[in-house]
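Here are a few exercises to work through with the model open beside you. Try each one before you read its solution.

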Amino acid sequence: MGSIKENLSIINDRIANAAVKAGKSPKDITLIAVTKTFSAAQVNAAVDAGVAHIGENRIQEARQKLPDVKEGVTRHLIGNLQRNKVKYAVKLFDMIQSVDNIALAEEIDARCAKMSLKMPVLIEVNTSGETSKIGCHPREALTLLKAIDRLPNLSARGFMTIAIYSAEDEQVRDCFKRLKEIYDEAQTLKLENANIGTLSMGMSSDFESAIEEGANMVRIGSAIFGSR
Ligand SMILES: *Cc1c(COP(=O)(O)O)cnc(C)c1O
């Protein structure tokens, strides 16, 4: 592994190549540097090297680390969120990517109402069927979107998934295709608060396939920071 700066430069080139292959401009793809387990100093090194978005998956870790992270970087929650931790999440994060049930959405809405805040969220979908993964069933995704759309302090922006853990590119791509279909169908709905434009899929091992299947946001950790 090179330095964070060198790794980032390689990743940005790979994202750009995949984007062009998918008929997109590299700037259409948003990179989230996934900073879980890495220190605030490492996060700040990435910010100095040009990272504009970071992703954390645990509230407790984020509460300790994020106060030491430079301002101006957009903070995404990408991990499982329990309802009793929502009060922290709405203060720590600019986007919550892991909304997979209406009770959680309602709790976020209630907390944001108190702060006069409108929280951008993604609906996390379990596209692999693996029981170890959170996310709503693909069949429930649009119903959940419509329910979230009625909550005034939430703004649904799109969908997020983690693909199947598999060495088979075909199987991984099937997960991405499933989410892209849901995303495309969501575009046809009449929605109030929602503004569907984000398809968050792809990690260090599979982000090029994800971009080729339509991702416009990728979440990359180990390929930038090293193994955890
Ligand atoms: C950890 C994590 C990533 C990044 O994984 P890498 O393999 O380190 O790139 C992306 N998305 C989510 C939801 C994660 O928890």
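**Exercise 1.** Find which atom of the ligand lies 2.8 Å from a polar side-chain atom of Arg228, then look for further contacts of this kind.

*Solution.* Start at Arg228: a polar atom of its side chain is 2.8 Å from an oxygen atom of the ligand. That is a polar contact, a pair of N or O atoms within 3.5 Å. Next, Lys36 places a polar side-chain atom 2.7 Å from a ligand oxygen. Then turn to Ser204, where an N or O atom of the side chain is 2.5 Å from an oxygen atom of the ligand. Finally, look at cover: of the 380 Å² of accessible area that the ligand has on its own, the protein covers 91% (Shrake-Rupley method, 1.4 Å probe).

A word on the source: this is a predicted model, in which local features need pLDDT of at least 70 and side-chain atom pairs pLDDT 80 or more, while totals for chains, interfaces and linings use all residues. Residues are numbered from 1 along each chain as its sequence is written, and side-chain values use heavy atoms, without hydrogens and water.

**Exercise 2.** Sort the shell around the ligand by class.

*Solution.* First collect the residues with a heavy atom within 4 Å of the ligand; among them are Val34, Ile78, Met203, Gly221 and Arg219. Then sort: the shell has five nonpolar, three polar and three charged residues, with Gly counted as polar.

**Exercise 3.** How are the rings of Phe38 and Phe225 arranged, and which parts does the pair tie together?

*Solution.* Begin with the geometry: the centres are 5.0 Å apart and the planes 25°. Rings pair if their centres lie within 6.5 Å, and planes under 30 degrees apart count as stacked, so Phe38 and Phe225 are a stacked pair. Now place them: Phe38 is in the loop between strand E1 (30-34) and helix H2 (40-48), and Phe225 is in helix H9 (residues 222-225), so the pair ties together parts 187 residues apart in sequence.

How values were computed:
A polar contact is a pair of N or O atoms within 3.5 Å; within protein, one must be able to donate a hydrogen and the other to accept it, and residues adjacent in sequence count only if both atoms are side-chain atoms. Rings of Phe, Tyr and Trp (its six-membered ring) pair if their centres lie within 6.5 Å; planes under 30 degrees apart count as stacked, over 60 as edge-to-face and the rest as tilted. Helices (H or I, at least four residues) and strands (E, at least two) are DSSP runs, numbered from the N terminus.
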